[in-house]
Amino acid sequence: MLEAAHLSAAYGPVRALDDVSLTVGQGEVMAVLGANGAGKSTLLRTLLGLMPGAGGSVRFLGEDITKLSAPERVRRGLVLVPEGRRVLTSLTVEENLLMGAYTRRDTPGQAELDAIYDRFSNLAARRHMKAGVLSGGEQQMLAIGRAMMAKPKLIMLDEPSLGLSPRLTAEVFALIASLNAEGMSILLVEQNALLALEASRQALVLELGRAVVAGPSAELLKDDRVRGAYLGAAA
Ligand SMILES: Nc1ncnc2c1ncn2[C@@H]1O[C@H](COP(=O)(O)OP(=O)(O)OP(=O)(O)O)[C@@H](O)[C@H]1O
Ligand SMILES: [Mg+2]
């Protein structure tokens, strides 16, 4: 459903992404692994159309979206939950959720908000509170709920477990599994390589902006390069 070919991107003279290609199938979870600065966030930003001067092509749902703006890509169902959550702390939980629908041409109904609140009971209880009072885990759930309000067909999650306790990390991964079980396609950037490989069918390892390993996650779990560099003590 998402096919990207020969993507490249740079920040001024800094080449952050170099000839990366990937395919995410319908209903599939793909993991992107890599060290700090490897280009993972840049890859997601390039897929969303946020990197000026990016090279390569992106197809989504059978359509060439390479020249489309980010809001147009979001409108087609390609949605990013950015690194660091980026919730608006001075707005309420509900206002943040409604922000997620800003690219839509229709107005979200109460039933959609209720569906989010059914899924995230902590958000339901805090719907009229400022998002700034939420815990890190709750802010992550809010960021995902906000993305759901855009009616995504493929969600890109940039380090959703960053800074969360093991218990909250497990909650985020349970959420990823349930969204996927409902048919959502997911592109998951994660520092926790073991969890990411267990949660995905395919994976891609970036190093200095290049795809150095790619394949079925089950095989990467056994790959010596991946084990040595990314699974550390878990290997
Ligand atoms: N706004 C920016 N301006 C200049 N260089 C940047 C900018 N953002 C990222 N870079 C550089 O681009 C490269 C890739 O960064 P990117 O944020 O994509 O990596 P990442 O894999 O997401 O890292 P992390 O795990 O720390 O989130 C790095 O060398 C980084 O320093
Ligand atoms: Mg990043």
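Q: How far is an oxygen atom of ligand 1 from a polar backbone atom of A38?
A: This is a predicted model, in which local features need pLDDT of at least 70, side-chain atom pairs count only at pLDDT 80 or more, and totals for chains, interfaces and linings use all residues. Residues are numbered from 1 along each chain as its sequence is written, chains are lettered from A and ligands numbered from 1 in the order in which they are written, and side-chain values use heavy atoms, without hydrogens and water. A polar contact is a pair of N or O atoms within 3.5 Å; within protein, one must be able to donate a hydrogen and the other to accept it, and residues adjacent in sequence count only if both atoms are side-chain atoms. For A38 and the ligand 1 oxygen, the separation is 3.1 Å.

Q: Which side chain has an N or O atom 3.0 Å from an oxygen atom of ligand 1?
A: The side chain of E159 places an N or O atom 3.2 Å from a ligand 1 oxygen. The residue at 3.0 Å is Q191.

Q: How many residues surround ligand 1?
A: A residue is near a molecule or strand if one of its heavy atoms lies within 4 Å of it. The closest to ligand 1 are G37, G39, K40, S41 and T42. The number of surrounding residues is 13.

Q: How many residues apart are the two that coordinate the magnesium ion?
A: Ligand 2, the magnesium ion, is bound through S41 (OG) and E83 (OE) at 2.0 to 2.1 Å. Donors are N, O and S atoms within 2.8 Å of the metal (3.2 Å for Na, K and Ca); water is not among the atoms, so sites may look incomplete. S41 sits in helix α1 and E83 in the loop between β6 (78-81) and α3 (93-99), and their spacing along the chain is 42 residues.

Q: At what angle to β1 does helix α1 run?
A: Helices (H or I, at least four residues) and strands (E, at least two) are DSSP runs, numbered from the N terminus. Axes are lines fitted to C-alpha atoms, for helices over the stretch in contact, and angles run from 0 to 180 degrees between N-to-C directions. Helix α1 (residues 40-48) crosses β1 (2-11), β2 and β4, and its angle to β1 is about 115°.

Q: Which strands stand at the edges of the open sheet of 4 strands?
A: Two strands pair if DSSP finds at least two bridges between them. The order is β2-β1-β4-β5, paired antiparallel. Each edge strand has a single partner, so one side of it is left without a neighbour in the sheet; these are β2 and β5.

Q: Which residue of β10 is the bridge partner of V205?
A: Strand β9 (residues 202-207) runs parallel to β3 (residues 29-34), joined by 5 bridges. On its β10 side the sense is antiparallel, with 6 bridges. β9 and β10 form a hairpin with 2 residues between them. The partner of V205 is V213.

Q: Is T169 buried or exposed?
A: T169 belongs to helix α7 (residues 166-181). Contact means heavy atoms within 4.5 Å, and beyond four places in sequence T169 has such contacts with S161, L164 and L195. Buried means under 20% relative accessible area, exposed over 50%, partly exposed in between (1.4 Å probe, protein chains only). Because its relative accessibility is 8%, T169 counts as buried.

Q: What is the relative accessible area of R119?
A: R119, in helix α4 (residues 110-119), touches M148, L175, S178, L179 and E182, leaving out residues up to four places away. R119 is partly exposed, at 31%.
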